[in-house]
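Thanks for coming. I will go through one structure today, starting with a strand and then moving to the core, the rings and the disulfides.

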Amino acid sequence: MAQWTTIQLLLLLVWVAEVGGAQSRVRTELLNVCMDAKHHKEKPSAEDKLHEQCSPWKKNACCTANTSEEAHKDISYLYRFNWNHCGQMAPACKRHFIQDTCLYECSPNLGPWIQQVDQSWRKERVLNVPLCKEDCESWWEDCRSSYTCKSNWHKGWNWTSGYNQCPVKAACHLFPFYFPTPADLCNEIWSHSYKVSNYSRGSGRCIQMWFDPHQGNPNDKVAKFYAQVMDGAGLRRAWAPLLSLALTLLWLLC
């Protein structure tokens, strides 16, 4: 009887391994995907041409050529967002926001950080994308001389004019007033869509906002790494409770 029970428990452990492996394989769906959001394509694909700063993604993009062109405009049809809500934004600063828009709209490498949301204009968003520290630091540095009136640009604007304006009593100040450090800017401005990384560009451990398409897309490797990390975490979560149960039953029956 004890021998038969042991065999059954061993079979249970084999089943746990199979379940964990199946869960791990499902996680590959985090790779080469587009968000279910306002302007994203259903699946990434090549584009004949993407506009200027969005062009690095043209070999495999979640955005269309039209979306990439609108990403470069002030108060475009994409989100009716006014970068110049506190006077003219410096061109060096604006280029980072354009690049941020291109990454958000075009990248097929954000799957490991996609989360479901209950919003009228999108069903998914990204959360805590590990942005390379140099990209964050240069963004903050180039925006130090520009002005804004809020630290969270996702919400709280006055939209009565059809585009975002500063809320009543929200004073315009230089960026460092609302974003004292690079991390404050990158982490807070879009409700933690980004989380500034301690890793550097080229490390394979952080998402690059800027890259040379002639050398390939470095974010392919980054997404694969984090998808594998999540696979391992899922496998450990599957194993732990079932293994504990199996060992407990073995101890009680022996």
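Is strand S2 (residues 122–126) largely enclosed by the rest of the structure or exposed, and why? Strand S2 is largely enclosed, because 4 of its 5 residues are buried. Buried means under 20% relative accessible area, exposed means over 50%, and partly exposed is in between, with a 1.4 Å probe and protein chains only. Helices (H or I, at least four residues) and strands (E, at least two) are DSSP runs, numbered from the N terminus.

Before going on, some housekeeping. This is a predicted model, in which local features need pLDDT of at least 70 and side-chain atom pairs count only at pLDDT 80 or more, while totals for chains, interfaces and linings use all residues. Residues are numbered from 1 along each chain as its sequence is written, and side-chain values use heavy atoms, with hydrogens and water left out.

Back to S2. Its partner is strand S1 (residues 114–119); the two run antiparallel and are joined by 4 bridges. Two strands pair if DSSP finds at least two bridges between them. One of the bridge partnerships is between isoleucine 114 and valine 126 of S2. The connection from S1 to S2 is a hairpin through 2 residues.

Next, the core. In soluble globular proteins, nonpolar side chains tend to be buried together. Here the largest nonpolar core has 49 residues. A nonpolar core is a set of buried Ala, Val, Leu, Ile, Met, Phe, Trp, Tyr and Cys residues joined through side-chain atoms within 4.5 Å. The residues with the most contacts inside this core are Phe97, Trp139, Trp153, Phe175 and Trp190. At least two core residues come from each of several elements, including H3, strand S3 (129–131), helix H4 (133–142) and helix H7 (219–253). H3 gives the most, with 7 residues.

Take Trp139 as an example. Leaving out residues up to four places away in sequence, tryptophan 139 touches His96, Phe97, Asp100, Leu131, Leu185, Cys186, Trp190, Tyr194 and Met209. Contact means heavy atoms within 4.5 Å.

Now the rings. How many aromatic pairs does the structure hold? There are 18. Rings of Phe, Tyr and Trp (its six-membered ring) pair if their centres lie within 6.5 Å; planes under 30 degrees apart count as stacked, over 60 as edge-to-face and the rest as tilted. Phenylalanine 81 and tryptophan 157 are one such pair, edge-to-face, with 5.6 Å centre to centre and 90° between the planes. Phenylalanine 81 is in the loop between helix H2 (65–70) and helix H3 (91–106), and tryptophan 157 is in the loop between strand S4 (147–148) and strand S5 (173–174), so this pair ties together parts 76 residues apart in sequence. Phenylalanine 81 counts as buried at 10% relative accessibility, and tryptophan 157 counts as buried at 8%.

A second edge-to-face pair is phenylalanine 97 with phenylalanine 175, at 6.3 Å centre to centre and 65° between the planes. Phenylalanine 97 lies in helix H3 and phenylalanine 175 in helix H5 (residues 175–178), so the pair ties together parts that are 78 residues apart in sequence. Both of these phenylalanines, 97 and 175, are buried. One aromatic cluster includes Phe81, Phe97, Trp157 and Phe175, with Trp139 and Trp190 also among its members.

Two rings have a charge over them. Lysine 150 has its charged end over the ring of tryptophan 157, 5.4 Å from the centre. Arginine 205 lies over the face of phenylalanine 225, 3.6 Å from the ring centre. A charge sits over a ring if NZ of Lys or CZ of Arg is within 6 Å of the ring centre and within 35 degrees of the ring normal.

Last, the disulfides. A search of the whole structure finds 8; a disulfide is a pair of cysteine sulfur atoms within 2.5 Å. In one of them, the sulfur atoms of cysteine 136 and cysteine 186 are 2.1 Å apart. The torsion about that S-S bond is about 115°, so the disulfide of cysteine 136 and cysteine 186 is right-handed. Cysteine 136 lies in helix H4 and cysteine 186 in helix H6, so the pair ties together parts that are 50 residues apart in sequence. Cysteine 136 is buried, with a relative accessible area of 0%, and cysteine 186 counts as buried at 1%.
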